[in-house]
Amino acid sequence: MTPPAEYDLVGVGIGPFNLGLAALAEPLPELTTLFLDAQPTFRWHPGLLLDDARLQVPFLADLVSLVDPTSRWSFLSYLRAHDRLFPFYFAERFHIPRREYDHYCRWVAESLPSCRFGAHVTALRWSGDQFTVDYQTAAGPVSTSASNVVLGVGTEPVIPEPLAGLVGAHVFHTARYLDRLPDLAGAKDITVIGSGQSGAEVFLDLLRRAPETGWRVRWLTRSPAFAPMEYSKLGLEHFTPDYTRYFHGLPPEVRDRLVPAQWQLYKGISADTLAEIHDVLYTRGIGGARPDVLLMPNVAVRAAAAEADGYALTCHHTQQDRTFTVHTDRVVLATGYAARRPALLDPLVDLIQWDERGRYRVDANYRVALSPAVTGTLFVQNAELHTHGVGAPDLGLGAWRSATILNTLTNGRAYHLPDTTAHTRFGVPDHP
C-alpha cells in the first residue's frame, strides 16, 4: 500500500509508551498513524537486561491490557504466539523477567506496520496548517506531514555534575552496565552511586560476581535509607488515573514540592531485590567472614577527580555534616533519568508555551500548550512528571494515557475509560 502523504498522528520515538499508543491505534480505521525511531530495532534499557531482573509492575501493565485486554497485542497474546502459555501458567509469575518484557515489545514493534525503525527525526516544524516531520533514513532524508504529533522520546541518563568530566570506560551510567561490564576487569574497588532499582540490581550483580573477581563493592546514596518501594495496595493507588487527575489539579508550586517527597513511590527499591542483597550478605558471613562490602546512605558526592590508579570522590555525610574521601577504581552511576527537550523541537521553540522553569505546560489530556497560531496538537508521553505526578514514567498507566490521547483525537470514540479507578478519595469533591 502507498503510505499517505499526511498522517493524523505521527509518533516520535518508539519506547513502550509510543509503542502502546501504536498498538491501541492500530484497530481504529479513522486514524492514519506513523511511528518513527532512530534505533535499527526496538530496544528497552538493553544495558540493564540482567538475567534475573524483573519488572516492578505486574504483567497486566503491558502495552494494552489495562485498556483493552482483548487486544491481539496483549502480553497473553504474545505468550500464545510463542507457545508459552502453559509454561507461564505453571511459573505463576505476576512479575515477569525484564528480558521477556523487552522481547514482547519487540514482537509488537516488528508486527505493527505503523512502526518504522532506522528513522532518525531531525526536526519538527509547523508549516501553517500542519506539522512537518523531517527524518533521516539509510536511503536519505524524508519529510512527512501530520495533523498531530506525539513525543515519546523517553528520558536520558542523569550524570551528576561532579562526575560529568570523567565519564568513559571506567565511569559510566547504569544504562550502559552490561556494555561496560568487561571494563570492570582488573578493578579491585568498585563504587555504585545512587539507590534506585537500577542501583540495587547492579550492586547485587557486582556482589554475586565478587567472590570470583575479588572486587570490593561500595554502595553510596544521598537517600536516607536503602528503602523499599511503596507496594501496599492502597499506596499503589497513587498510580491510578484518579490520582493523576487530582495531582494535575493542584497548583504548580504544590506539585513541585510534592514530587520529591514521594521518592519512595517511584525511586524506591523492590523489596525482593533488597531481600536478595541481604541473603547474599548473610550467606557470605557464615563462619565469621565479613564480606568486603560497604553500604552507606545519606552520602552526597560533592567532587570527583582522576588519580593515578582510579578516582578520588569527595563525599559529604548529610546527617553528620562530615566530609570524607573515597578512593575507587571504577564508578557506576545509578543516578536516574530525566526528560530533556530534544533538539528536533528547535524550530517550534517559540510556538511552545513553556512554564517558568522551562518545562512543557501539559493539560489533563497530555496536550502541550502551543501558540494559537498552531491548530495541530502536540502530545507528550513521559515528559509530564511535573504536571501529572509519579505515574508519568509508570508502565501501568501507559495504556490509559495512550487511550486518553486517542480519545482526544476521536472525540471520545476510541476507548471506554472508567470514571473511577481507586478506592481513595484524594481531594475534596467539587460537589460534596
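## Close-up views of a predicted model

**View 1. Helix H1 against helix H4.** The axes of helix H1 (residues 16-25) and helix H4 (residues 98-111) come within 10 Å of each other and cross at roughly 45 degrees. That angle makes H1 oblique to H4. The crossing of H1 past H4 is left-handed. On the H1 side, Pro16, Leu19 and Ala23 make the contact. On the H4 side, Tyr101, Cys105, Val108 and Ala109 take part. By class, this contact of H1 with H4 has 7 nonpolar residues, no polar residues and no charged residues. The model shown here and in the views below is predicted.

**View 2. Helix H1 against helix H12.** The axes of H1 and H12 come within 9 Å and cross at roughly 55 degrees. H1 is therefore oblique to H12. The handedness of this crossing is right-handed, whereas H1 passes H4 in a left-handed crossing. From H1, the residues in contact are Phe17, Gly20, Leu21, Leu24 and Ala25. They meet Gly398, Ala399, Arg401, Ser402, Ala403, Ile405 and Leu406 of H12. The residues of this contact of H1 with H12 divide into 8 nonpolar, 3 polar and 1 charged.

**View 3. Leu395 in the loop between H11 and H12.** Leu395 lies in the loop that runs between these two helices. With a relative accessible area of 13%, Leu395 counts as buried, because the cut-off for buried is under 20%. Leaving aside neighbours within four places in sequence, Leu395 is in contact with Pro16, Phe17, Trp44, Leu55, Val57, Ala61 and Tyr101. Two of the helix contacts already shown return here. Pro16 belongs to the contact of H1 with H4, as does Tyr101. Phe17 belongs to the contact of H1 with H12. For scale, Leu395 and Pro251 are 144 residues apart in sequence and 25 Å apart in space, C-alpha to C-alpha.

**View 4. The buried residues of helix H7.** Helix H7 spans residues 241-248. Its buried residues are Pro241, Asp242, Tyr243, Thr244 and Phe247. These buried residues pack against helix H8 (252-261), helix H11 (385-388) and helix H12 (398-409). H12 is also the partner of H1 in View 2.

**View 5. Asn148 in strand E6.** Asn148 is found in strand E6 (residues 140-151). Its relative accessibility is 11%, so Asn148 counts as buried. The side chain of Asn148 reaches the backbone nitrogen of Thr377 at 3.2 Å. Not counting residues up to four places away in sequence, Asn148 touches Asp8, Leu9, Val10, Phe131, Gly376, Thr377, Phe379 and Leu409. Thr377 thus appears in the contact list and in the side-chain to backbone pair.

**View 6. Phe379 in strand E17.** Phe379 lies in strand E17 (residues 377-380). At 0% relative accessibility, Phe379 counts as buried. Not counting residues up to four places away in sequence, Phe379 touches Asn148, Val149, Val150 and Leu151. Further contacts of Phe379 are Asn365, Tyr366 and Arg367. Phe379 also touches Ile405, Thr408 and Leu409. Leu409 is in contact with Asn148 as well. Ile405 is one of the H12 residues that meet H1. Phe379 and Lys188 are 191 residues apart in sequence and 48 Å apart in space, C-alpha to C-alpha.

Note on methods:
Residues are numbered from 1 along each chain as its sequence is written. This is a predicted model: local features need pLDDT of at least 70, side-chain atom pairs count only at pLDDT 80 or more; totals for chains, interfaces and linings use all residues. Side-chain values use heavy atoms; hydrogens and water are left out. Axes are lines fitted to C-alpha atoms, for helices over the stretch in contact, and angles run from 0 to 180 degrees between N-to-C directions. Helices (H or I, at least four residues) and strands (E, at least two) are DSSP runs, numbered from the N terminus. Angles under 35 degrees count as roughly parallel, over 145 as roughly antiparallel, 65 to 115 as roughly perpendicular and the rest as oblique. A crossing is left-handed if the near helix is turned anticlockwise from the far one by less than a right angle, and right-handed if clockwise. Contact means heavy atoms within 4.5 Å. Ala, Val, Leu, Ile, Met, Phe, Trp, Tyr, Cys and Pro count as nonpolar, Asp, Glu, Lys and Arg as charged, and the others, Gly among them, as polar. Buried means under 20% relative accessible area, exposed over 50%, partly exposed in between (1.4 Å probe, protein chains only). A polar contact is a pair of N or O atoms within 3.5 Å; within protein, one must be able to donate a hydrogen and the other to accept it, and residues adjacent in sequence count only if both atoms are side-chain atoms.
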